[in-house]
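Please look through the model shown below, and keep the sequence beside it as you read. The paragraphs that follow walk through a few places in turn, beginning with charged pairs and ending with the surface.

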Amino acid sequence: MELQPDSTLLWFMAVYAVIMIGIGIFMSKKVSGSEDFVLAGKSLGPFVLMGTLLATWTGSGSISGGETSMAYTYGIIPAIMYMLPTLIGILILYVVAPKIRAFGKFTVAGILEAKYGATSRNLASLIIILAYVGIVSYQIQGFGFILNITTGMDVSQGTIIGAVMIIFLAMIGGLRSVSQTDALSGFLMVGGLLITVPTIIIIAGGWSEIIANVPESHTTATGGLTTLQLIGFLLPSLFLLLGDQNMYQRLASSKNDQASKRGQIGWLIAMLVISPSIAIIAFASRSIFPDIDPGMALLATTVVMPVAIGGLLLAAAASFIITTGNSYLLSAATNLTYDIYSNYIDKDASDKKKLWMTRLFIVILGVLAFIIIRFFPTVLAVQMYAYTVYGAGITPAVLAVFFWKRVTAAGGIASMFTGLFTTLIWEIPLGQPFELNAAVISVPIAIIVLIVVSLSTQNKDH
C-alpha cells in the first residue's frame, strides 16, 4: 500500500500542541530559580516521576528508531529483544537511585568530578553534549515524520517546526514544565498503544497474513543479523540508560526514596506494555507498507486506522518525541551552565543569571541538533552513535563510582577518554567495519581500561 497523508489527523496534533504549550507556560510561572528549573524543586511524586522517566526514555528512539526500526528492518523477535536492555537497566538503577539522590548533584559530570577530579567533569560535559545533541536531533526529525504523514509536508520542513516546539517547551519552564508534560505523555502513550495493537493486526488481515507478507528472515530469532551485530544493537541502549544524566536528574528530583522506588516500579511495568506494543505495530506496518523509511513504520499505521484511534496514536507519538527532545536538550544545557560557564567563564554568576544562561544554551544546542540530523542516513544510525558515545564514554566510569571502591581517578578518566575515542574512530573514519555498531568494541575496551588502569594506579590514589 502507498502511504497517503491524512490531514484529518492534524487536528489531534493541534489539540495536543495547545495543551502542551499551555501546561508549559503555566508551570513556567512557578519556576523560582535555577535549581527549580533543573530539578523541579525536588518535588516529583511517584506518578509524575514514573511518567517523566517513561516519556524521557521512550521518545523518537522508540517511535522512529529502536523497536520500530528494528521490527521493520529485521523482524519481530530482534525488536522485542531490544526491550531487554531497558528492563535490566531499570532494575540496576533501582539499586543505585538512593546513592544518586545522596550525591545531590545537578549533573553526572558533577558526580564524576567528586570522584575523579575536574578533568573528568570537563571530559564528561563534552561527551554528554556530543551524545545528547545527537539524541535531540532525531527527536526533531521524528516530528518531521509526523507532519509529513498528516500534511504531506516535506520531512525537512517538518523538522524545523519540531525543532522550534522542542526548544520552546524546554526553554520556558525547565524540568518544572517538562516533568508535567512528560507525565501526561506517558499515560497517553500507554493508552494509545493498547488500543492500536489489536486494531492494526485486524486491519493487516490477521497475524498469519502479516507473517506471509514480510521477508522470511523477519520471523527468525536474529532477523538475518549475526550474533555480534545483534549485540551491537542491544548494548548501546543498556549503557546509555545506566549512566543517563536525564534519569539521574529525575531520580534526584523525586520527593524521597519511597517516591523514587514507586516511580521506577511503575516505569518498569509500563515498559513491559510499551516496547512489545511498538514492535508489533511496526512489524504489522512492514506488511502493509513494504517500501517506506523504517523510521516511519509506526507512524504510517495511523493513516489506515479509524481516525479516532489513528489520531490518538499520532498525538501520543508526538508527545513522546517532544518530551524526550526537550528533556535531553535541557539536560545538555545544564552541563554547559553548571560544568563550563559557572566554573570557567563567570564563577560569581547569580542564580538568576545561571537560569537565563541555561535557557540561552537550550536554544544554541537545539539549533545544533537540527544541523546534525542532516548528516545521518537513518534515525537508527544516529541513535546508535549517540547511545554509544555516551554509554562507552560515561557509563563505566559513573557506575564504578557507586559499585567499585578501588577505582582511581586515573582509571576513570582513562576509561572515559578511551570509550569516546574508540567510538568516534570506529564510527567515522573506519565507517563501522564488519557492519558492527561501535558498542561491541568500545564498551568492553572502556571497561578493561577502567579496571587495568585503576589496579595499576592504586598507590597513587590511596
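How many salt bridges does a search of the whole structure find? In this predicted model, the search finds two salt bridges. Side chains of opposite charge can pair when their charged atoms come close. One of the two pairs joins the side chains of Glu113 and Arg121, with a distance of 2.4 Å from N to O. The partners in this pair can be described by how much of each is accessible: Glu113 has a relative accessible area of 29% and is partly exposed, whereas Arg121, at 5% relative accessibility, counts as buried.

A salt bridge is also formed by Lys353 and Asp346, whose closest N and O atoms are 3.0 Å apart. Here Lys353 is partly exposed, with a relative accessible area of 40%, while Asp346 has a relative accessible area of 18% and is buried, because buried means a value under 20%.

Next, turn to the helices and the residues they hold. Is Thr388, in helix α18, buried or exposed? Helix α18 spans residues 379-393 and includes Thr388, and this threonine counts as buried because its relative accessibility is 1%, which falls under the 20% limit. If neighbours within four places in sequence are left aside, the residues in contact with Thr388 are Pro236, Gly393, Thr423, Ala438, Ala439 and Ser442.

Another buried residue is Leu242, with a relative accessible area of 4%, and it is found in helix α12, which covers residues 227-243. Which residues does Leu242 touch, once its neighbours within four places in sequence are set aside? Leu242 is in contact with Gly89, Ile92, Leu93, Tyr248, Thr395 and Leu399. It is also useful to compare positions along the chain with positions in space: Leu242 and Leu91 are 151 residues apart along the chain, and their C-alpha atoms are separated by 9.7 Å.

Finally, consider the surface, where Tyr94, Val95, Ile265, Ile269 and Phe403 make a nonpolar patch of about 460 Å². Two helices, α7 (84-103) and α14 (257-288), each supply at least two residues of this patch, and Val95 is one of the patch residues that lies in helix α7.

Notes: Residues are numbered from 1 along each chain as its sequence is written. This is a predicted model: local features need pLDDT of at least 70, side-chain atom pairs count only at pLDDT 80 or more; totals for chains, interfaces and linings use all residues. Side-chain values use heavy atoms; hydrogens and water are left out. Patches are made of residues with over 30% relative accessible area and no salt bridge: like charges are joined within 9 Å, nonpolar side chains (Val, Leu, Ile, Met, Phe, Trp, Tyr) within 5 Å. Accessible areas come from the Shrake-Rupley method with a 1.4 Å probe; for residues, only the protein chains shown count as cover. A salt bridge is a side-chain nitrogen of Lys or Arg within 4 Å of a carboxyl oxygen of Asp or Glu. Helices (H or I, at least four residues) and strands (E, at least two) are DSSP runs, numbered from the N terminus. Buried means under 20% relative accessible area, exposed over 50%, partly exposed in between (1.4 Å probe, protein chains only). Contact means heavy atoms within 4.5 Å.
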